[in-house]
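Dear colleague,

I am handing over the structure below for your work. My notes on what was found in it follow directly after.

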Number of protein chains: 2
Amino acid sequence: MSDLAIGKLAKATDTNVETVRYYEKIGLLPAPARSAGNYRSYDESHLRRLSFIRRARDLGFSIDQVRELMALADRRDQSCMAVDVIANQHRNAITRKIADLTALAAELDTLIDSCSRNTVADCRIIEALAPQA
Amino acid sequence: MSDLAIGKLAKATDTNVETVRYYEKIGLLPAPARSAGNYRSYDESHLRRLSFIRRARDLGFSIDQVRELMALADRRDQSCMAVDVIANQHRNAITRKIADLTALAAELDTLIDSCSRNTVADCRIIEALAPQA
DNA sequence: ATGGACCCTGTAGCGGCTACAGGGTCAAGG
DNA sequence: CCTTGACCCTGTAGCCGCTACAGGGTCCAT
């Protein structure tokens, strides 16, 4: 029905054209029909699928996680628990990342606080980076 | 003096041997003298430099930022301000990342909260990922 | 018929390593 | 002296998730 060229599909999902082709190459998005002139011709199912992918990617799910989520979404009889597991794994990874970055920020703050426009010869940042002499 | 083989240097700085060679290839660590059998032979200056690099990398500075920091550290007459600028840029980038991840975590939390062991057919996570129908 | 916007395939690059393959070197033990 | 095994060498390919070409073809309006 819809019959979208790749550019339209890309625009509709806020994706680069190259990225759409990339998703097809890695088997994330099924290859669509082709027009007489060998142009890719997408329909609504592709639009739905790509929207799903983009939304999941925006939420930070890896390509492999997206693959799993889509496989689960396709088997509609199955329990939601498997989906919950993936989402929670990802949530935990984010918690870890935030903790790491927060620790890092604290370290950088002490570093930056100690800089007071002296010459590099006695710059505390450079000192702090140098091996603990 | 020190005369370290690459393995010792790597261990002393908690770095992979391959990474040390990589740093040499990209011009981050100067190429050391070679032994009779063509082994790399490092001295204390290499140890200091690599320690500096590792510490800065651990703090999340990019390779290019490390390059800048080392260049500044070498020109000891210059003002500390340039160093301060790099550190602050990096600090700001981290602040942004933490904010992004925190927002993401919140979104994921609402998603996860809505999962209650039903079948995938009415799984709220899958629904939430699907296009806003 | 011509221009410009779109599309095609294929390959190389980004950052920052990591992991081989296929060799050479060195020191200790038998 | 010889072997074993740990170390070292170079060079290349792979990881992730795209992005950016190069060098062409197609489609539509003027």
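**Helix packing and DNA surfaces**

In chain A, helix α4(A) passes α5(A) in a left-handed crossing. Please bear in mind that this is a predicted model.

The contact behind this crossing joins Gln65(A), Glu68(A), Leu69(A) and Leu72(A) of α4(A) to Ala82(A), Val83(A), Ile86(A) and His90(A) of α5(A). Sorted by class, the residues of this contact are 5 nonpolar, 2 polar and 1 charged. As for the geometry, α4 (residues 63–74) of chain A and α5 (residues 81–113) of chain A pack at an angle of about 160 degrees, and their axes are 10 Å apart. The helices α4(A) and α5(A) are therefore roughly antiparallel to each other, given that angles over 145 degrees count as such.

A second helix pair was examined in chain B. There, α3 (residues 44–58) and α4 (residues 63–74) pack with their axes 10 Å apart, at an angle of about 135 degrees. The two helices α3(B) and α4(B) are therefore oblique to each other. The crossing in which α3(B) passes α4(B) is right-handed. On the α3(B) side, the contact consists of Phe52(B), Ile53(B), Ala56(B) and Arg57(B), which meet Val66(B), Leu69(B) and Met70(B) of α4(B). This contact of α3(B) with α4(B) comprises 6 nonpolar residues, no polar residue and 1 charged residue.

I turn next to the DNA.

DNA strand C is surrounded by 21 residues, of which Ala5(A), Gly7(A), Arg40(A), Gly37(B) and Ile63(B) are the closest. Two or more residues of the surface near this strand come from each of α1 (6–12) and α2 of chain A, and likewise from each of α2 and α4 of chain B. The class composition of the surface near DNA strand C is 7 nonpolar, 8 polar and 6 charged residues.

Around DNA strand D there are 19 residues, and those that come nearest are Gly37(A), Ile63(A), Ala5(B), Gly7(B) and Arg40(B). At least two residues of the surface near strand D are supplied by each of α2 (17–25) of chain A, α1 (6–12) of chain B and α2 (17–25) of chain B. Here the surface divides into 7 nonpolar, 7 polar and 5 charged residues.

With kind regards

Terms used
Residues are numbered from 1 along each chain as its sequence is written. Chains are lettered from A and ligands numbered from 1 in the order in which they are written. This is a predicted model: local features need pLDDT of at least 70, side-chain atom pairs count only at pLDDT 80 or more; totals for chains, interfaces and linings use all residues. A residue is near a molecule or strand if its C-beta atom, placed from the backbone, lies within 6 Å of it. Helices (H or I, at least four residues) and strands (E, at least two) are DSSP runs, numbered from the N terminus. Ala, Val, Leu, Ile, Met, Phe, Trp, Tyr, Cys and Pro count as nonpolar, Asp, Glu, Lys and Arg as charged, and the others, Gly among them, as polar. Axes are lines fitted to C-alpha atoms, for helices over the stretch in contact, and angles run from 0 to 180 degrees between N-to-C directions. Angles under 35 degrees count as roughly parallel, over 145 as roughly antiparallel, 65 to 115 as roughly perpendicular and the rest as oblique. A crossing is left-handed if the near helix is turned anticlockwise from the far one by less than a right angle, and right-handed if clockwise. Two residues are in contact if their C-beta atoms, placed from the backbone, lie within 7 Å.
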